[in-house]
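Please work through the exercises below with the sequence and the model at hand. Each task is followed by a solution in steps.

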Amino acid sequence: MTNPVSLMRFLEIAQKGSMRKAAEFLNISQPALSQSLRELELEIGFQLFERTPRGLSITPEGRQLAVYAKVLSNDMALLKDAVIAIRERRDVALRIGASASVTTRPH
């Protein structure tokens, strides 16, 4: 299973459009970020960025993965908020969704 930290790093590179800018934002070295990206690409089995003399260009596969990484990022933020609320013993609203077919009975 892919490490969420690696996915968040990939997403930051994609959003910043630059390895250097992403490394600065994440407060890690550029070589460490490059290594993390290489390891992620090896794990998932496809290239996320084209490396060109002008910099990085996200691949079509990278764009697809970025959609899911954004969902994961949002879910992780919600999880963090929930953990803080639980730690502080605040009431946490639990939202449960169901489609109409689940909530209605046939007659």
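The exercises that follow concern a predicted model and treat helix packing, a chain-end segment and a strand pair.

**Exercise 1. Describe how helix H1 and helix H2 are oriented with respect to each other.**

Solution.
1. Helix H1 covers residues 4-16 and helix H2 covers residues 19-26; their axes come within 8 Å and cross at roughly 125°.
2. H1 is therefore oblique to H2.
3. As for handedness, the crossing in which H1 passes H2 is right-handed.

**Exercise 2. Identify the residues through which H1 and H2 meet, and locate the charged end of Lys16.**

Solution.
1. On the H1 side, the residues in contact are Arg9, Glu12, Ile13 and Lys16.
2. On the H2 side, their counterparts are Met19, Lys21, Ala22, Phe25 and Leu26.
3. Lys16 and Phe25 both appear in these lists; the charged end of Lys16 sits over the ring of Phe25, at 4.1 Å from the ring centre.

**Exercise 3. Characterise the packing of H1 on helix H4.**

Solution.
1. Helix H4 spans residues 60-87, and its axis comes within 9 Å of that of H1.
2. The two axes cross at roughly 120°.
3. H1 passes H4 in a left-handed crossing, whereas the crossing of H1 with H2 is right-handed.
4. H1 contributes Pro4, Leu7, Met8, Phe10, Leu11 and Gln15 to the contact with H4.
5. From H4, the residues that meet them are Gly62, Leu65, Ala66, Ala69, Lys70, Leu72, Ser73 and Met76.

**Exercise 4. Place Thr2 in the chain and list the residues it touches beyond four places in sequence.**

Solution.
1. Thr2 belongs to the segment that precedes H1.
2. Leaving aside residues up to four places away in sequence, Thr2 touches Leu7, Leu40, Glu43 and Ile44.
3. Thr2 and Ile44 are 42 residues apart along the chain, yet 7.7 Å separates their C-alpha atoms.
4. Leu7, one of the residues touched by Thr2, also takes part in the contact between H1 and H4.

**Exercise 5. Do strands S1 and S2 run parallel or antiparallel, and how many bridges join them?**

Solution.
1. Strand S1 comprises residues 49-52 and strand S2 residues 55-58.
2. The strands run antiparallel and are joined by 4 bridges.
3. Within this pairing, Glu50 of S1 stands opposite Ser57 of S2.
4. With 2 residues between them, S1 and S2 form a hairpin.

Note on methods:
Residues numbered from 1 in each chain as written. Predicted model: local features only at pLDDT ≥ 70, side-chain atom pairs only at ≥ 80, totals over all residues. Heavy atoms only, no water. Pairing = 2+ DSSP bridges. Lys NZ or Arg CZ within 6 Å of the ring centre and 35° of its normal. Axes fitted to C-alpha atoms, helices over the stretch in contact; angles between N-to-C directions. Parallel < 35°, antiparallel > 145°, perpendicular 65-115°, else oblique. Left-handed = near helix turned anticlockwise from the far one by under 90°. Contact = heavy atoms within 4.5 Å.
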